[in-house]
Amino acid sequence: MSSKSPLSSSSSTSRITSAVQSRARSVIRSALTSGKWLRRAIWVWPLIAALILGLIGLTLRSSVEKALQKDIADRLKSNLQTEVTALTLWVKANEKAAVSAAVDPNLITVVEQLLNGAGKTALQADLIQAPEQQTLRSILDPFVEASDYQEWVIVSPAQKLVGSSRNDNLGIDNPKDDVKWCEIALKGKATISPPRKSVVLLKDIDGQLRAGVPTMFVWAPIRNSQDQVIATLGLRIPPYREFTEFLSIIRPGETGDTYAIVADGRMVSVSRFDEQLRRIGLLHDDESSILNISVRDPGVDMVLGLRPDKARSEQPMTLAAADVVAGNSGQNLTGYRDYRGVTVIGGWQWLPEFGMGVITEQEHAEAFRILTLLRNVFWSMFALLGLAAGAILAFMLGLRRQQLKAQKAALEVRRLGQYALDVKLGEGGMGTVYRGHHAMLHRPTAIKFLNVEKTNDQTIARFEREVNLTAGLSHPKTIAIYDYGRTP
């Protein structure tokens with residue numbers, strides 16, 4: 001069994017204390033040395049200042065960029081919500097109008113009579129000749145005209161058009177694009193169908209009759225006295241009017257646009273860029289973008305005159321379109337190509353009750369114009385700061401070189417052949433005495449100069465006599481003359 005003595009413990013503590021003190025002295029010496037070096041190396045201060053200002057600038061730029069990006073994101077979200085809210089209110093208003101027309105007791109009575117008569121066979125000739133047809137038109141035509149709808153239809157549970165404001169579509173099957181929405185109304189809920197191309201002749205935006213004109217319907221259930229749905233009322237809406245107008249409420253800047261698409265990626269509203277789409281070949285001269293543009297990514301910027309490698313049908317949907325038809329809502333600020341191939345930012349939202357997605361976009365270059373300008377300003381400032389730091393550094397280095405030259409010149413001035421001047425010892429009426437040393441022998445020497453402003457032939461002659469007389473002395477108590485001469 002062993003134990004440590006108090007003496008050994010004290011010795012160990014002393015060694016530790018000594019080591020700590022030694023380390024502390026080393027740190028202090030290092031700090032002092034660094035401080036002295038920084039004081040001597042004055043050329044480094046411009047670089048330090050430039051670095052500090054650069055870091056401050058980068059921090060400020062980062063903060064401003066984040067604030068601007070957040071503002072852009074919030075504005076994009078706000079624009080999208082405004083458009084969606086306006087569209088929703090418009091849809092609800094149309095559904096309410098259709099329901100109010102469908103609950104008219106006179107309308108319900110006539111529809112019941114029609115379904116129990118000519119509606120059973122749904123033959124066009126019988127439906128045209130049915131007296132209920134004229135009664136329906138006397139009830140609904142004034143309502144349609146007052147409400148700015150185009151036409152109306154009555155669809156039976158068998159999806160046959162048994163009533164209409166026109167004869168040529170009586171007795172036909174309800175177009176397949178309307179069946180889904182009519183079924184919703186037959187189940188008791190008013191709804192609105194997305195725009196589609198008409199299968200009958202309709203007046204286009206120019207008033208010309210032709211097939212394939214964009215059309216859409218608002219559907220409302222018609223209930224009998226037992227609250228059973230016996231048919232649906234459809235009111236035709238021209239999409240060129242309020243529908244597309246509501247989707248163009250907010251078009252920020254020169255490139256902002258909002259449009260609606262359906263599940264297959266077709267645009268069902270009017271694009272802001274119809275003229276541009278005609279120029280780049282995505283639309284014919286007599287076409288509008290509604291129902292004629294598939295929201296697909298061409299892979300190149302077609303506005304710049306580039307042409308895609310793939311056919312339109314083989315191109316993938318744009319990032320926004322692919323996500324929104326999948327039933328998602330989202331936002332992208334990094335940038336993606338739109339249906340023209342232009343890089344844009346965008347936000348989107350799927351509206352399942354309408355079977356449509358709403359996308360709002362703006363060209364990336366315009367949306368981030370302020371941020372790009374800010375970056376250019378910051379980089380310009382950093383470049384100027386770098387140039388200024390470089391100029392100051394060059395000036396300081398030049399000044400340092402001049403100082404070194406001056407020091408060298410001063411040393412050369414203070415050197416007399418093999419003798420170097422150290423410090424001034426004193427000054428008298430005729431001259432000045434310096435302490436010096438021999439450069440090779442390191443022998444201490446006193447060096448006496450005559451004052452230039454007091455020098456003349458007499459003083460020089462007197463000085464030379466003094467040298468000669470003193471050189472002749474050899475007593476230990478006197479000085480010894482080593483050398484004599486003249487400087488330039």
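In this predicted model, strands β10 and β11 form a hairpin with five residues between them. Glycine 341 lies in the turn and has a positive phi of about 90°. The two strands, β10 and β11 (residues 343-351), pair in the antiparallel sense over five bridges. Two of the residue pairs can be followed by eye: arginine 337 has threonine 343 of β11 as its bridge partner, and tyrosine 336 has valine 344 of β11.

On leaving β11 the chain enters another hairpin, that of β11 and β12, with four residues between the strands. Here the turn contains glycine 355, whose positive phi is about 65°. Eight bridges join β11 to β12 (residues 356-363), and the two strands run antiparallel. Tryptophan 348 is bridged to isoleucine 359 in β12.

These hairpins belong to an open sheet of four strands in the order β9-β12-β11-β10, with antiparallel pairing. Which strands stand at the edges of this sheet? They are β9 (257-261) and β10 (330-337); each has a single partner strand, so one side of each is left without a neighbour in the sheet. Neighbouring strands are turned by 25° against each other on average, direction ignored. As for β11, eight of its nine residues are buried, so the rest of the structure largely encloses this strand. When reading the side chains along a strand, it helps to recall that in a regular strand they alternate between the two faces of the sheet.

Arginine 340 lies over the face of phenylalanine 273, at 3.9 Å from the ring centre. A further contact of this kind involves arginine 443, whose charged end sits over the ring of tyrosine 482, 3.9 Å from its centre.

Earlier in the chain, strand β8 (residues 229-237) is mostly covered, with eight of its nine residues buried. Which strands pair with β8? One is β1 (residues 152-155), which pairs with β8 in the antiparallel sense over four bridges; within this pairing, valine 153 stands opposite glycine 234. Another is β7 (residues 214-223), antiparallel to β8 over eight bridges, and here proline 221 stands opposite threonine 232. β7 and β8 form a hairpin with five residues between the strands, in which aspartate 227 takes a positive phi near 65°.

The loop between β6 (209-210) and β7 holds valine 213. Is valine 213 buried or exposed? Its relative accessibility is 3%, so valine 213 counts as buried, the cut-off for buried being under 20%. The C-alpha atom of valine 213 is separated by 6.3 Å from that of leucine 202, eleven residues apart along the chain.

Empty space inside the model comes next. Rolling a probe the size of a water molecule over the atoms shows where such space is left. The structure holds three cavities of 30 Å³ or more, and the largest cavity has a volume of about 90 Å³. Among the residues that line the largest cavity are Val153, Phe217 and Arg236. Val153 is the residue that stands opposite glycine 234 in β8. Other lining residues include Leu161, Asn169, Ile172, Asp178, Arg196 and Val199.

The largest pocket has about 1,200 Å³ of space. It is lined by 30 residues, of which Ile447, Lys448, Phe449, Phe463 and Gly485 are the closest to its centre. The elements that give two or more residues to this lining are β15, β16 and α13 (457-471). β16 gives the most, with seven residues.

Phenylalanine 449 also takes part in an aromatic pair. A pair of aromatic rings is described by the distance of the centres and the angle of the planes. A search of the whole structure finds seven aromatic pairs. In the pair of tyrosine 434 and phenylalanine 449, the ring centres are 5.8 Å apart and the planes stand at 90°, so the pair is edge-to-face. Tyrosine 434 lies in β15 (residues 431-438) and phenylalanine 449 in β16 (residues 444-450), so the pair ties together parts that are 15 residues apart in sequence. Phenylalanine 449 has a relative accessible area of 23% and is partly exposed, since buried requires a value under 20%.

Technical notes: Residues are numbered from 1 along each chain as its sequence is written. This is a predicted model: local features need pLDDT of at least 70, side-chain atom pairs count only at pLDDT 80 or more; totals for chains, interfaces and linings use all residues. Side-chain values use heavy atoms; hydrogens and water are left out. Buried means under 20% relative accessible area, exposed over 50%, partly exposed in between (1.4 Å probe, protein chains only). Two strands pair if DSSP finds at least two bridges between them. Axes are lines fitted to C-alpha atoms, for helices over the stretch in contact, and angles run from 0 to 180 degrees between N-to-C directions. Rings of Phe, Tyr and Trp (its six-membered ring) pair if their centres lie within 6.5 Å; planes under 30 degrees apart count as stacked, over 60 as edge-to-face and the rest as tilted. A charge sits over a ring if NZ of Lys or CZ of Arg is within 6 Å of the ring centre and within 35 degrees of the ring normal. On a 1 Å grid over the protein atoms alone, a cavity is a set of points where a 1.4 Å probe fits but cannot get out, and a pocket is an open set with protein on both sides within 12 Å along at least five of seven lines; lining residues have an atom within 4 Å of a point. Grid points are joined across faces, edges and corners, and a volume is the space filled by probe spheres set on the points.
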